[in-house]
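Student: Please choose one part of this model and take me through it closely, step by step. I should like to understand how its pieces fit together, and where that part belongs in the whole.

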Amino acid sequence: MGVIHAGHTTEAMTLLEPYLPPSAPAGDPNAAHPTVSNTGGYAEGGSLYALGLIHGSHAGSSTSKRLEASQFLRNHLRNSHANEVISHGAALGVGLTSFGSGDLNVVNELKELLYTDSAVAGEAASIAMGMVLVGSGAGNAASSANEELGEIVAELRNYSRETHHEKIIRGIAMCLALVNFGQEENADATIDEMRGDRDPVIRYGAMYGLALAYCGTGSNKAIRILLHTAVSDVSDDVRMASVIGLALVLHKTPERVPELVRLLLESFNPHVRYASCMAVGIAMAGTGDAESVALLEPMLTDMADHVRQGALLGTAMIYMQQSDTCNHRKIKTFREKLSSLISDKHQTTLTKMGAIMSMGLIDVGGRNCALSLGSRNGFTKMTSAAGLVLWLQHWHWYPLMHMLSLAVTPTVTIGLNKDFKYPKKFEIQCNSKPSVFAYPKKLEEKKEVEKKRVETIELSATAKNKARLARKKAKEDAESGEGGGDGASMEVDKKEESKDADKKEDKEDKAEGMDVDGDENAKKKEESEEVEDKPKKKKREPEPTSFRITNPARITTAQANVCAFDLDQRYRPIRPEEKPYGVIMLTDSTPGEDEDLGAVKTPAEEDEADPPEAFEWTPPGHPDHPDTTVGKEVTSATDAGTDDKKDESKPEATAE
């Protein structure tokens, strides 16, 4: 629900109200917070996480609304230490709503949760601290961050050596990686220290830290370290992280990634093969590149199930926002393969999970979003990079799958005037066939056709033969019933008569057979005449080589390269040399004329269905179940089976 309603900040509390944990009355600051049970809490923890996703996944959300949600989540964070599930959801929600804020108070509250030494809640708290401090470089020698934040980061390093929970160690490693986003050389000392650690989980975090520190820079030093680690480290997870890191470092020159990992795709280590598939998919996401798909195609039948999962995810990322004509229509075959894998009962869990996720990835955001780490002006987006790295941690912790909503970007193009309204008559020229960038066809449910029983056709010759045999039998029965002295002579006469009758019938059958052949020839002639009389089908008209796109519209990254502005129309862009992609500010060449304008509605103003009313679920057969007949039928059926010998009328009553 948090991913679906991302950005719908106005209605977030109303939407999640049935699932949120109870809290103190808002009007009374002295009221005590309701006690939290140490068991259950999955719906409550999930709702707090969803609230964070609604506010954190949308960069343009209201600051006041985000702050209000952050205060609400922090209140539950402070009072839910007894339940690690609720604490886990609250911590991730706080990290998302305070993303990149560097708030010291929030960090201290998360640190208190971390020091409870709960594996699940501690991992969430450390990851949330990384989201709050993302890109700050706290703890580095040349960092401009608060000294207290630097001390907290140093405490995290020491705590990672003291705790025995691998989940907490991994959370701290990812926290340090997020803190060093975009730091480049300033992060070298921290990353080198992490690379030399004995614990492979810390080295795992060092690879992601190096990738984030040099994200989009194409640094040869970073690439050299990542490639060396990919073939030399003794830990499979570290090697996997180093290969995936290549896609982050080279996201501005994505065509280099398939060349670098071509040999790694043939590695004997399945973790390296999995990472290579993911790296190619991340780098070439939304391009539909045929060579990249060909690289991943052999991996779809790999012996290791997690390699097949990586190949499915990577191929789905490449095919994002591609039409049915992409790659010689191989995308249609891939979609059919995903559907068959999902319904196949004999597939392993990891492969089926990869197919399910791929089905969502290939159509992410209603086919209106794409996985993109950079803006149209060439800047690396911190939210997208951090969200992608956190999504990749679903390998170890499934709830982090939803972090993908941070990494996807809408591919919308909208022209706005000085009042931030869009002119409906503004159009963009696309110099390509419409089918190249068209939406894929919607899935259609196969309707079950009722099978009708076909009546057997009886030939006239068969009917006459049956009639003849029936007459013979009737004669024989009549003869056997009669008596007399001249019986033998009469039988001879009757036999001769029957032979004459049979000969006549055979002649009639032959004549009818000739008539049937004649009828068939006549029918063929009639059918051929009807075919000649029917009008011939019209030839398929050739597809136009260009078309015009109305405002607003979806224009993908690849489509923007073949689009151009029409400067002869009324509305013209302020910067005509830019690609027609994203938000375009327009000037009106004839301001005195009437305008046909449309206003962009915020998600809160759109017509949405009302949230479901609160209800308590009861199983069938329960006294409080609304459909009490279900329970009665079950009990009556069982009673009928046990008391069958005693009372024979009871099963009849039950059947009624």
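Tutor: What follows begins with the whole chain, then turns to two sheets and a cavity, and ends with a pocket elsewhere.

The model is predicted. The protein chain contains 25 helices and 11 strands. Of its 656 residues, 43% count as buried. The chain exposes about 37,200 Å², and carbon and sulfur atoms supply 52% of that area. If one takes the contacts with a separation of 6 or more, 70% of them are between residues 24 or more positions apart.

Let us now consider the first of the two sheets. Strands of a sheet pair through backbone hydrogen bonds, and the pairing may be parallel or antiparallel. Here, 3 strands form an open sheet in the order E6-E5-E8, with antiparallel pairing. Which strands stand at the edges of this sheet? They are strand E6 (547–550) and strand E8 (563–565), each of which has a single partner strand, so one side of each is left without a neighbour in the sheet. Direction ignored, neighbouring strands of this sheet are turned against each other by 40 degrees on average.

Strand E5 covers residues 427–430 and is joined to E6 by 4 bridges. Within this antiparallel pair, Gln-429 stands opposite Arg-548, and Cys-430 has Phe-547 as its bridge partner. Between E5 and E8 there are 3 bridges, and these two strands also run antiparallel. Gln-429 is again involved, for it stands opposite Ala-564 in E8. Gln-429 of E5 therefore serves as a useful landmark when you inspect the sheet, because each of its two opposite residues lies in a strand at an edge of the sheet.

The second sheet is also open, but it has 4 strands, in the order E7-E3-E10-E9, and its pairing is mixed. Its edges are strand E7 (553–554) and strand E9 (571–573); each has a single partner strand, so one side of each lacks a neighbour in the sheet. At one end of the order, 3 bridges join E9 to strand E10 (residues 582–588), and the two run antiparallel. One bridge in this pair links Tyr-571 with Asp-588 of E10.

The cavity draws on strands from both sheets. A search of the whole structure finds 1 cavity of 30 Å³ or more, and the largest cavity has a volume of about 40 Å³. Which residues line it? They are Thr-413, Ile-414, Gly-415, Phe-426, Ile-428, Ile-549, Thr-550, Asn-551, Pro-552, Ala-553 and Ile-555. Strand E3 (412–416) and E6 each supply at least two residues of this lining. The most comes from E3, which gives 3 residues.

Two members of the lining deserve a closer look: Asn-551 and Pro-552. The peptide bond that joins Asn-551 to Pro-552 is cis, with omega at about -5 degrees. Pro-552 lies in the loop between E6 and E7. The cis bond can thus be found by following the chain out of E6, which is an edge strand of the E6-E5-E8 sheet, towards E7, which is an edge strand of the E7-E3-E10-E9 sheet.

For comparison, we may turn to an open space elsewhere in the model. The second largest pocket holds about 650 Å³ of space. It is lined by 19 residues, of which Asp-324, Lys-332, Lys-441, Lys-442 and Leu-443 are the closest to its centre. Helix H17 (residues 330–343) gives the most to this lining, with 4 residues. In the chain, the loop between helix H16 (305–318) and H17 contains Gln-321. This residue has a positive phi of about 60 degrees although it is not a glycine. Is Gln-321 buried or exposed? Gln-321 counts as buried because its relative accessible area is 9%, and the limit for that class is under 20%.

Terms used
Residues are numbered from 1 along each chain as its sequence is written. This is a predicted model: local features need pLDDT of at least 70, side-chain atom pairs count only at pLDDT 80 or more; totals for chains, interfaces and linings use all residues. Side-chain values use heavy atoms; hydrogens and water are left out. Buried means under 20% relative accessible area, exposed over 50%, partly exposed in between (1.4 Å probe, protein chains only). Contact means heavy atoms within 4.5 Å. Accessible areas come from the Shrake-Rupley method with a 1.4 Å probe; for residues, only the protein chains shown count as cover. Two strands pair if DSSP finds at least two bridges between them. Axes are lines fitted to C-alpha atoms, for helices over the stretch in contact, and angles run from 0 to 180 degrees between N-to-C directions. On a 1 Å grid over the protein atoms alone, a cavity is a set of points where a 1.4 Å probe fits but cannot get out, and a pocket is an open set with protein on both sides within 12 Å along at least five of seven lines; lining residues have an atom within 4 Å of a point. Grid points are joined across faces, edges and corners, and a volume is the space filled by probe spheres set on the points.
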